[in-house]
Amino acid sequence: MAKRGNSIIKGIEINDIIAVLNKAYADEWLAYYQYFIEAKVIKGIMKDAAIAELQQHATDELRHANMVADRILQLGGTPLLHPKEWFTHTNCGYEEPKNFDVVSILEDSIKGEQCAISIYSNLAEMTRDKDIVTYDIVSEILADEVEHEEDLQALHDDISDFVTDLKKNLN
Ligand SMILES: [Fe+2]
Ligand SMILES: [Fe+2]
């Protein structure tokens, strides 16, 4: 535990920060696996573009899990040790892919990113002016999640437009 580092935290309980970070940590692992498996099972038009995006997001979520775990350790906490705890701690849950169609997979993922944006935005509010280091980390992750939502939405819209045009030309 970083003693001097933790002494600069003011107006917020360190244990409360650890608790919310562990919830975010659970979310990141579930998001990682969701992207990992989506990239495997996805089907349909323009799926190669979607696979590249999903794989990139999986890599980013794992990097986020790493950043959050390191911060929990710095604060003197322990990151969740068992995967079963991901489900008891998660904020955003896990969206099991049921329909493997590219548009449906992208819609599931957009929902996940919107949840992540709300969570990290709350964490930034909670730590602002109180725990600068956690604030910086959650702000950096928040920026990534905003970019993720945008990338998925753009791809979703491109594919939807393409399918609409295709149908028009067939009629
Ligand atoms: Fe993330
Ligand atoms: Fe994300």
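**Exercise 1. Helix 2 against helix 3**

Task: Determine how helix 2 and helix 3 are oriented to each other, roughly parallel or roughly antiparallel.

Solution. Helix 2 and helix 3 pack with their axes 8 Å apart, at an angle of about 160 degrees. The model is a predicted one. Next, apply the cut-off: an angle over 145 degrees counts as roughly antiparallel. Helix 2 and helix 3 are therefore roughly antiparallel. Handedness comes next. Helix 2 passes helix 3 in a left-handed crossing. Last, sort the residues of this contact by type: 18 are nonpolar, four are polar and four are charged.

**Exercise 2. Helix 5 against helix 6**

Task: Repeat the analysis for helix 5 and helix 6, starting from the angle at which their axes cross.

Solution. The axes of helix 5 and helix 6 cross at roughly 155 degrees and come within 8 Å. The cut-off for roughly antiparallel is again an angle over 145 degrees. Helix 5 and helix 6 are therefore roughly antiparallel to each other. Their crossing is left-handed, with helix 5 passing helix 6. The contact of helix 5 with helix 6 holds 17 nonpolar, 10 polar and four charged residues.

**Exercise 3. Spans of helix 6 and helix 3**

Task: Check the end-to-end distance of helix 6 against the span it should have at 1.5 Å a residue.

Solution. Helix 6 covers residues 132-170. Its 39 residues should span 57 Å, and its end C-alpha atoms are 57 Å apart, so the two values agree. Now take helix 3. Helix 3 has 28 residues, with 40 Å expected at 1.5 Å a residue. From its first C-alpha to its last, helix 3 reaches 41 Å, close to that expectation. After helix 3 comes Gly76, which has a positive phi near 95 degrees.

**Exercise 4. Buried residues of helix 6 and helix 3**

Task: List the buried residues of helix 6 and find which helices they pack against.

Solution. The buried residues of helix 6 are Thr134, Ile137, Val138, Ile141, Glu145, His148, Leu152, Leu155 and Ile159. Consider the spacing. An α-helix has 3.6 residues a turn, so residues three or four places apart point the same way. The packing partners of these buried residues are helix 2 (14-41), helix 3 (47-74) and helix 5 (102-127). Then turn to helix 3. Its buried residues include Glu53, His57, Glu61, His64 and Arg71. Ala50, Leu54, Ala65, Val68 and Ile72 are also among the buried residues of helix 3. The cover over them includes helix 2, helix 5 and helix 6.

**Exercise 5. Phe162**

Task: Decide whether Phe162 is buried or exposed, and find which residues it touches beyond four places in sequence.

Solution. Phe162 lies in helix 6. Count its neighbours: 12 other C-beta atoms lie within 10 Å of Phe162. A residue counts as exposed at 12 or fewer. Phe162 is therefore exposed. Leaving out residues up to four places away in sequence, Phe162 touches Ile45 and Met46. Met46 and Phe162 are 116 residues apart along the chain, with 9.4 Å between their C-alpha atoms.

**Exercise 6. The whole chain**

Task: Summarise the chain by its helices and strands, its box and its contacts.

Solution. Start with the elements: the chain has six helices and zero strands. From the N terminus they run α-α-α-α-α-α. Along the principal axes, the C-alpha atoms fill a box of roughly 70 × 30 × 20 Å. Burial follows: 29% of the 171 residues count as buried. Finally, take contacts between residues at least 6 apart in sequence; 79% of them join residues at least 24 apart.

Definitions and conventions. Residues are numbered from 1 along each chain as its sequence is written. Chains are lettered from A and ligands numbered from 1 in the order in which they are written. This is a predicted model: local features need pLDDT of at least 70, side-chain atom pairs count only at pLDDT 80 or more; totals for chains, interfaces and linings use all residues. Helices (H or I, at least four residues) and strands (E, at least two) are DSSP runs, numbered from the N terminus. A residue is buried if 20 or more other C-beta atoms lie within 10 Å of its own, exposed if 12 or fewer, and partly exposed in between; C-beta atoms are placed from the backbone. Two residues are in contact if their C-beta atoms, placed from the backbone, lie within 7 Å. The expected span of a helix is 1.5 Å times one less than its number of residues. Axes are lines fitted to C-alpha atoms, for helices over the stretch in contact, and angles run from 0 to 180 degrees between N-to-C directions. Angles under 35 degrees count as roughly parallel, over 145 as roughly antiparallel, 65 to 115 as roughly perpendicular and the rest as oblique. A crossing is left-handed if the near helix is turned anticlockwise from the far one by less than a right angle, and right-handed if clockwise. Ala, Val, Leu, Ile, Met, Phe, Trp, Tyr, Cys and Pro count as nonpolar, Asp, Glu, Lys and Arg as charged, and the others, Gly among them, as polar.
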